[in-house]
Amino acid sequence: MSGTVRNIISILWCVAAAAFAVSCTDDVFEDIGSPSSSRTGSTAGRVVEPSSRRVLLLYSAGYNNLSKMLEDDVKDLKKGYLPQKNGNSVVLVFSKRTNGNAYNYSTPTPAHLIRLYSSQEGKVVSDTVRTWPSGTVAASPETLHDVLSYVNSEYPSNEYGLVFSSHASGWLPKGFYSTGEIYMNQVMPAAYPYSYADVPVPYVEREREPGEPVTRSIGMDNVANSRAYEMNIEDFAAAIPMKMDYIIMDACLMGGIEVAYALKDKCDRIIFSQAEVMGDGLCEYDTMASRLLAGGSPDYMGFCEDSYQHYAAPGASEPYTTISMIDCTRLDGLADVCARIFSSCRSQLAAVKPGQVQGYFRFNKHWFYDLEDIFVKAGVPESSLAQFRAAMDQCVLYKAATPTFISIPIETFCGLSMYLPANGSAAINDFYRTLSWNKATSLVTE
């Protein structure tokens, strides 16, 4: 997907998508297999595998303009290591995509849970183990919970990993996105059109509460009734029914402390990007299953390095990425330190000049700044900075960034972004106070 960002789709891609709709419609769901007649709609007859196995689930919410890109991710996953059916590892893909044309939202499509494994002859097998009806919204807490509950029931394990792939805009409230326009520090009226300034198609009206601000948040479904659906980060977290060993967010702008803290009780590790994610995805899908499933224990560092080098290696066609891995079990300690700094340095934080702080956003979506650089530019005392850095060293297990992200110079990178109230708004502050991070630290008090 050279030259594309997951939040930006070029006009050339629109033309290609239209051609794809004509020539490849029959192959759109080629990763979807058929369950055998003896177990249609269930897992009856499957070999019961030990509870010590590892389960990797790719949750691919692609009923949007990323549909073809997410399909390519599954193809890349199938190129790499896949366990055999009766082994101690399981690879699952939950897939919801458009039918051919990435902008064809008028044709409802079903969603499928597919098990990928390698036959004894080394061939890739795609076994559809459950199908959800047409019109199912993948970007909803209810569907996420249903899929994960099914996986937990049918594939009991002591180790689960979730890769979530779709659109996203971090911790921001669902219904807030305003591509190509400046959010003017007030609540937009409910009738305000949701539009892609960079996509030559009619705008899609949001399904939102009256008076709710006009963003793409966690996931995105443009369903058949021409309304779009997303999830708030706290609802996303609440929908996860079991503890995950790791969550990988292959989606834009998810690498904030607000996201990590919301998920801290749901996973031990989280891997995500502070900036947007290029079209190839945050993850190196070819080697993902090998790194996370093939060894005696998951090789998280190897996975992160593979993913970083996909963009940072010499000659990379899209040399732009930010990535970090956070130990969520250590985040309470970081929250304690930050709470003290927020309380003692409130006036300095309010006086920070946003243009001097490292940001990870484009198009004036000014909600994602480097956490450490906020404190540095606020003039936080060295003794407090030392405590903060010690807490960060406990939490940030891996961090890497290319020198630039498209138009953004990356001059400092701590591995976590954060909201900067000095460049915020009253409407965003109202929502921010509902986040678990703010409840723990009181960054925004009024």
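How many bridges join strand 11 to strand 13, and in which sense do the two strands run? Five is the number to remember: 5 bridges join strand 11 to strand 13, residues 396-401, and the two run antiparallel. Good morning, colleagues. The structure before you is a predicted model, and I shall begin with the sheet that contains this pair.

The sheet is open and is formed by 9 strands, in the order 4-3-2-1-5-9-10-11-13, with mixed pairing. Its edge strands are strand 4, residues 124-132, and strand 13, each of which pairs on one side only. On average, and with direction ignored, neighbouring strands of this sheet are turned by 15° against each other.

Let us look more closely at strand 11, which covers residues 322-327. On its other side from our opening pair in the strand order stands strand 10. Strand 10, residues 267-272, pairs with strand 11 in the antiparallel sense over 4 bridges. Two of the bridge partners may be named: I271 is matched with M325 of strand 11, and F272 with S324 of strand 11. S324 also has a bridge partner in strand 13, namely K399.

Is strand 11 covered or open to the outside? It is mostly covered, with 6 of its 6 residues buried. In a regular strand, side chains alternate between the two faces of the sheet. Here both faces of strand 11 are covered: T322, S324 and I326 are buried on one side, and I323, M325 and D327 are buried on the other.

I turn now to the helices that pack on this sheet. Helix 6, residues 285-294, touches strand 1 (54-62), strand 2 (89-97), strand 5 (159-165) and strand 9 (244-250), and its direction makes about 150° with that of strand 1. Helix 11, residues 382-395, touches strand 11 and strand 13, and its direction makes about 90° with that of strand 13.

Helix 6 has a helical partner as well. Two packed helices are described by the angle between their axes and the distance between the axes. Helix 6 and helix 7, residues 300-312, pack at an angle of about 165°, and their axes are 8 Å apart. Because this angle is over 145 degrees, helix 6 is roughly antiparallel to helix 7. Their crossing is right-handed. At the contact, T287, M288, R291 and L292 of helix 6 meet Y300, G302, F303 and D306 of helix 7.

Two loop residues deserve a remark on backbone geometry. Most residues other than glycine have a negative phi. L253, which is not a glycine, has a positive phi of about 65°. L253 lies in the loop between strand 9 and helix 5, residues 257-262, and is buried, with a relative accessible area of 5%. I406, again not a glycine, has a positive phi of about 55°. I406 sits in the loop between strand 14 (404-405) and strand 15 (408-409); at 31% relative accessibility, I406 counts as partly exposed.

Finally, a word on confidence. The mean pLDDT of the chain is 83, and 78% of its residues reach 70 or more. Over residues 8-28, however, the pLDDT is below 50, although this stretch has 36 contacts in the model beyond near neighbours in sequence. Over residues 35-46 the pLDDT also stays under 50, and the model has 18 contacts for them beyond four places in sequence. Where pLDDT is low, the predicted coordinates should not be read in detail. Thank you for your attention.

Definitions and conventions: Residues are numbered from 1 along each chain as its sequence is written. This is a predicted model: local features need pLDDT of at least 70, side-chain atom pairs count only at pLDDT 80 or more; totals for chains, interfaces and linings use all residues. Side-chain values use heavy atoms; hydrogens and water are left out. Buried means under 20% relative accessible area, exposed over 50%, partly exposed in between (1.4 Å probe, protein chains only). Two strands pair if DSSP finds at least two bridges between them. pLDDT is the predictor's confidence in each residue, from 0 to 100. Contact means heavy atoms within 4.5 Å. Axes are lines fitted to C-alpha atoms, for helices over the stretch in contact, and angles run from 0 to 180 degrees between N-to-C directions. Angles under 35 degrees count as roughly parallel, over 145 as roughly antiparallel, 65 to 115 as roughly perpendicular and the rest as oblique. A crossing is left-handed if the near helix is turned anticlockwise from the far one by less than a right angle, and right-handed if clockwise.
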